[in-house]
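This report describes how a protein model meets DNA. Please look at the sequence and structure before reading on.

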There are 2 protein chains.
Amino acid sequence: MTLVHDERAPYVQVADIIRAEIASGERAPGAKLPSVKKLAERFGLAEMTVHSGLRILREEGLIVATPGRGTFVRSDVDPASLEAGGSSRAESDLRSQVESLTATVEQLSSRVAELEKMAGLSAMTD
Amino acid sequence: MTLVHDERAPYVQVADIIRAEIASGERAPGAKLPSVKKLAERFGLAEMTVHSGLRILREEGLIVATPGRGTFVRSDVDPASLEAGGSSRAESDLRSQVESLTATVEQLSSRVAELEKMAGLSAMTD
DNA sequence: GTCCATTTGTCCGTATGTATA
DNA sequence: GTATACATACGGACAAATGGA
């Protein structure tokens, strides 16, 4: 598992890779992940970049991290539920797409509102 | 200036403050937030810390950020959801966001159609 | 019990990339 | 083409929590 140069942001790829390792059973529930330092060395990234990747998985509920102890795979996560749609790379893609769409719609709304003002619309939306 | 864990982390407080400003109506829907640079100066924090705070609100669906434009308050946010749980995690559900987007796009479509009717169809030949 | 190494979490300052206006 | 603004990455630093010597 290595990072691809042309694809998405490195920290997202880190999340994708580790998520895949959990889904494949390579990292069993309750297992301890390598420290951020080790992961940073493995991926050739800064620790903070790895940390950002782990943050995604934490928000997805796949892992649990405790200062002084380490980062562990949630023990109540069923690998089958990952492919079913609980948390997956597909959901990450969807989320970013929805965010992008939301921004575009927001912008369109303002522009349309501006046009309606210029047009001197008499008929409001009933 | 040691950060006592007595209070919550600064980036969380940034999110809390701005969330409160949105909830109170001080920052109206569609309004443009100050740039990250300005907010960093206002709070006396680094830009990255402010950015982390805004990321929370973005994931909650309260704001929308676009590079080169700025950060804006979502216009289709229901104020009731803010008072309900402080942080409305339910609003970040993909399905509800898609539903909201679909409804907004539909409204925009009819408004644009109305504008096109008023404008006549002469602009098509450019 | 105290000291210390490990580990996560956060902040800072800077730099680069990319999209917008 | 230039300026603005968000997004990410890096390296260094410190705090808090855990665990072992």
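Which atom of DNA strand C is 2.7 Å from an N or O atom in the side chain of B:Y11? The atom is a phosphate oxygen.

## Basis of the report

The model is predicted: local features need pLDDT of at least 70, side-chain atom pairs count only at pLDDT 80 or more, and totals for chains, interfaces and linings use all residues. Residues are numbered from 1 along each chain as its sequence is written, chains are lettered from A and ligands numbered from 1 in the order in which they are written, and side-chain values use heavy atoms, with hydrogens and water left out.

## DNA strand C

DNA strand C is surrounded by 23 residues, where a residue is near a strand if one of its heavy atoms lies within 4 Å of it. The closest include B:Y11 and B:T49. Of the strand C atoms that come within 4 Å of the protein, 79% belong to sugar and phosphate.

A phosphate oxygen of this strand also lies 3.3 Å from a polar side-chain atom of A:T71. At B:P67, a polar backbone atom is 3.1 Å from a sugar or linking oxygen of strand C.

## DNA strand D

Around DNA strand D there are 24 residues, among the closest A:T49 and B:R58. Sugar and phosphate make up 82% of the strand D atoms that come within 4 Å of the protein.

The side chain of A:T49 has an N or O atom 2.2 Å from a phosphate oxygen of strand D. For B:V36, a polar backbone atom is 3.0 Å from a phosphate oxygen of that strand.

Key:
Polar contact = N/O pair within 3.5 Å; in protein donor to acceptor, adjacent residues only side chain to side chain.
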